[in-house]
Amino acid sequence: MDALQLSAYVASRRDHLVSLLVDLVRTPSENRAPRGAELACQQLLAGRLARAGCTPHLYEPDSVPGLPTHPLYWPGRDYRHRPNLAATLPGTGGGRSLLLSGHIDTVPAGSLAWSRPPFAATVEGNRLYGRGAFDMKAGVAANLFVLEAIQELGIRLRGDLIFESVVDEEFGGVNGTLAGRVAGYRADAAIVGEPSGLRLCPAHRGGRTVHLTFTAPNDGILAPAGASGVIEQLRVFLNELPAFAALRRRTAPPHPLFAHLADPVPVTVGRIHTAAWSTDEPPNVPPVCRLELFWQTMPGETVAAIDEQFAAWLTGVLTRHPDLFAVPPAVHHPIRWLPGSALPPDAPLLGEFAAAVRAATGQTPAVQGIEGPCDLFVFPAFGIPALLWGPSGGNAHMPDEYVEIDSLLAATTALLQFVCSWCGQADELG
């Protein structure tokens, strides 16, 4: 089938695509590391795959032989009742294989107020709201829609097409994606359905998360001399932090795919906590404060260099304020190091996907690195070129997360076109 026929088919099945995403959003699959609740959503997808004539394979990541000893494995996660899902649509032979991958877990709905119920999948105009609608159940829905379309249209692909829905990508998990590769689900290329905003994203930033625990024991709120507790430590640390951010901007290796960003390697404070904001807690001068620090990194940076740079900077802060930091803050890494990665600019995958987008939409897509860390770095470790492709939307990891329905339609149309061109259609080639 040609590009016009494929585009017309997707347009005619718009309601089906939206309905599929609605079902996924209405089936919560929140990740609360080290545990998660992805089972029901994976079973829903498995049923769809079976109805499409595929044989779904549900398997818990830690059942994969060799996974715990792989260098990229991150210990401490619980995978009971958290299966990965995969299914292969065999090709007729002689074509290139392709893996359509996505993570089904979402961050929790959270304690901040939503103006729409997080699991209602509310459709308003061109937006579908709900936890995971944007990140990244829209991508999973597009991947499944494409596989269903291949079957329904009777297209015989020459190369194998593999569908994959993995667990535990959020909170730096990535073991689900790793398990798929170790289990043998590999291909000549992979498309990961992260919400790229209809950009081709062959690169992503890395990320390092640190928890710092400041301690300053004191005699309480009625101490004769008064006490600042950890607040003065926190004030000094936050005043010094811009210097670390400036150091990162000076020393991080630049990458052309992130030239569109004013700050390619931002340093951010995620949380500050002393005690619960409640009358269940007595008014006092806090003796302990926990702070979460997150900074992004460029492809090519190593965890050893990243940690060494931060440790040297923190030592300088403590040295300049020896009386204030009588007890040095404890440093803890709550999640894995997430390295950045980038596809070579001359990779055939990149040029061929761009051509498919032009054929499907008439537009030339922007090629940029995506702004956050993800599991893309796992694929090149197995020799699989991969890129990110997905729709536009907003409020990822925030209340009122949404995806733009028209962009989901465009992303799915381009993906279907690419699958047919990359894997090859047997009927066209005799």
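Which residue of S4 stands opposite Tyr59? Asn84 does, and that pair is a handy way into the sheet described below. Please keep in mind that this is a predicted model.

## The six-stranded sheet

The sheet is open and has six strands, in the order S3-S4-S8-S5-S9-S16, with mixed pairing. Its edges are strand S3 (57-59) and strand S16 (386-388); each of them has a single partner strand, so one side of each is left without a neighbour in the sheet. On average, neighbouring strands here are turned by 20° against each other, direction ignored. As general background, strands of a sheet pair through backbone hydrogen bonds, either parallel or antiparallel.

Let us walk through some of the pairings. S3 and S4 run antiparallel and are joined by three bridges; the facing residues Tyr59 and Asn84, with Asn84 in S4, were our starting point. On to S4 and S8, which also have an antiparallel pairing, over five bridges. Here Ala86 has Glu164 in S8 as its bridge partner. A parallel example comes from strand S5 (residues 98-103) and strand S9 (residues 190-192), joined by three bridges. In that case Ser101 has Val192 in S9 as its bridge partner.

How much of S4 is buried? Five of its six residues are, so S4 is largely enclosed by the rest of the structure.

## Helices across the sheet

Two helices can be placed against these strands. Helix H3 (residues 39-51) lies across S3, strand S4 (84-89) and strand S8 (161-166), and runs at about 15° to S4. Helix H5 (residues 175-182) lies across S3, S4, S5 and S8, at about 145° to S8.

A residue worth clicking on in H3 is Gln42. Is Gln42 buried or exposed? Its relative accessible area is 0%, so Gln42 is buried. Leaving aside neighbours within four places in sequence, the contacts of Gln42 are Leu58, Pro83, Asn84, Leu85, Ile104, Ser165, Val166 and Val167. Asn84 thus appears again: Gln42 is in contact with Asn84, and Asn84 stands opposite Tyr59.

## A buried glycine in S11

Now to another strand. Gly207 belongs to strand S11 (residues 206-215). With a relative accessible area of 2%, Gly207 is buried. Which residues does Gly207 touch, not counting those up to four places away in sequence? They are Phe294, Trp295, Gln296, Thr297, Trp337, Leu338 and Pro373. There is also a long-range pair to look at: Gly207 and Gly372 are 165 residues apart along the chain, while their C-alpha atoms are separated by 7.7 Å.

## A nonpolar patch on the surface

On the surface, Leu238, Val269 and Ile272 form a nonpolar patch, and together they have about 210 Å² of accessible area. Ile272 sits in strand S12 (residues 267-273). Its relative accessibility of 42% lies between the cut-offs of 20% and 50%, so Ile272 counts as partly exposed.

## Backbone points to check

Most residues other than glycine have a negative phi, and most peptide bonds are trans. The table lists backbone angles that depart from this pattern.

| Residue or bond | Feature | Angle |
|---|---|---|
| Ala33 to Pro34 | cis peptide bond | omega near 15° |
| Asp135 and Met136 | cis peptide bond | omega about -10° |
| Ala121 | positive phi | phi near 55° |
| Leu198 | positive phi | phi about 60° |

Where do these residues lie? Pro34 is in the loop between strand S1 (31-32) and strand S2 (35-36). Met136, in contrast, is part of helix H4 (residues 133-152).

The residues with positive phi are both in loops. Ala121 is found between S5 and strand S6 (122-124), whereas Leu198 is found between S9 and strand S10 (203-204). How accessible is Ala121? Its relative accessibility is 3%, and Ala121 therefore counts as buried. Leu198 has a relative accessibility of 25% and so counts as partly exposed.

Methods:
Residues are numbered from 1 along each chain as its sequence is written. This is a predicted model: local features need pLDDT of at least 70, side-chain atom pairs count only at pLDDT 80 or more; totals for chains, interfaces and linings use all residues. Side-chain values use heavy atoms; hydrogens and water are left out. Two strands pair if DSSP finds at least two bridges between them. Helices (H or I, at least four residues) and strands (E, at least two) are DSSP runs, numbered from the N terminus. Axes are lines fitted to C-alpha atoms, for helices over the stretch in contact, and angles run from 0 to 180 degrees between N-to-C directions. Contact means heavy atoms within 4.5 Å. Patches are made of residues with over 30% relative accessible area and no salt bridge: like charges are joined within 9 Å, nonpolar side chains (Val, Leu, Ile, Met, Phe, Trp, Tyr) within 5 Å. Accessible areas come from the Shrake-Rupley method with a 1.4 Å probe; for residues, only the protein chains shown count as cover. A salt bridge is a side-chain nitrogen of Lys or Arg within 4 Å of a carboxyl oxygen of Asp or Glu. Buried means under 20% relative accessible area, exposed over 50%, partly exposed in between (1.4 Å probe, protein chains only).
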